[in-house]
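Here's a short set of exercises to work through with the structure open beside you. Try each task before reading its solution.

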Amino acid sequence: MRANLDSVFNVTRNLIEGLIERSYGRIVNVSSVNGQKGQFGQTNYSAAKAGMHGFTMALAREVAAAGVMLNTVSPGYIDSPMIRAVPEKVRDRIEHDIPVKRFGTPADIARAIAFLTDEAAGFITGSDLSVKGGQHMR
């Protein structure tokens, strides 16, 4: 909870006033597919990630009129050292269950964040952009 939720609050409270004063800003918090659907054995993590989006939506309502947009990006399984540490048999099953039949890349997440931070995304706030290859559609 401290790493995944308190950190969002603590960082945001130190920069939000400056963004409001400038009448422009973009904050993108990185949540998780597990914040949307839950994950067995990860109740605390799933709750923190879901709370992160709740925080984002609430603050987005408060500061949108000042030109500050807040959103979350919720990655699915990303090709990383963490996923490569999963036993191959389990990893293959996970990959098979992703509709696009591959793990995401860090670049996939970076493109989503770049989109949400662009000036042209000024009408998008309080949203959660899922970047997970179709896994857990809602």
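**Exercise 1. Where is the kink in α1 centred, and does the helix still have its expected span?**

Start with the bend: this predicted model has a kink of about 40° in α1, centred on leucine 15. Next, take the length. With 21 residues at 1.5 Å a residue, α1 should span 30 Å, and its end C-alpha atoms sit 29 Å apart, which agrees. Finally, look just past the helix: serine 23 follows α1 and has a positive phi, near 60°.

**Exercise 2. Work out which residues of α1 are buried and what they pack against.**

The buried set is Leu5, Val8, Thr12, Ile16, Gly18 and Leu19. Now check their neighbours: the buried residues of α1 pack against β1, α3 and β2.

**Exercise 3. Find the aromatic pair and classify its geometry.**

Searching the whole structure turns up 1 aromatic pair. The ring centres of phenylalanine 9 and phenylalanine 55 are 6.3 Å apart and the planes meet at 80°; over 60° counts as edge-to-face, so that's the label here. Then place the partners: phenylalanine 9 is in α1 and phenylalanine 55 in α3, 46 residues apart, so the pair links distant parts of the chain. Phenylalanine 9 itself is partly exposed, at 42% relative accessibility.

**Exercise 4. Which residues of α6 are buried, and how are they arranged around its axis?**

Asp108, Ile109, Ala112 and Leu116 are the buried ones. Viewed down the axis, they fall within an arc of 95°, so they line one face of α6. That buried set packs against β1, β2 and β3. On the face turned away, you'll find exposed Pro106 and Arg111.

Conventions: Residues numbered from 1 in each chain as written. Predicted model: local features only at pLDDT ≥ 70, side-chain atom pairs only at ≥ 80, totals over all residues. Heavy atoms only, no water. Phe/Tyr/Trp six-rings, centres within 6.5 Å; stacked < 30°, edge-to-face > 60°. Helix = DSSP H or I, 4+ residues; strand = E, 2+ residues; numbered from the N terminus. Buried < 20%, exposed > 50% of the residue type's maximum accessible area, 1.4 Å probe, protein only. Arc of directions from axis to C-beta. Contact = heavy atoms within 4.5 Å. Expected span 1.5 Å × (residues − 1). Bend = angle between axes of the 7 residues up to and from the residue.
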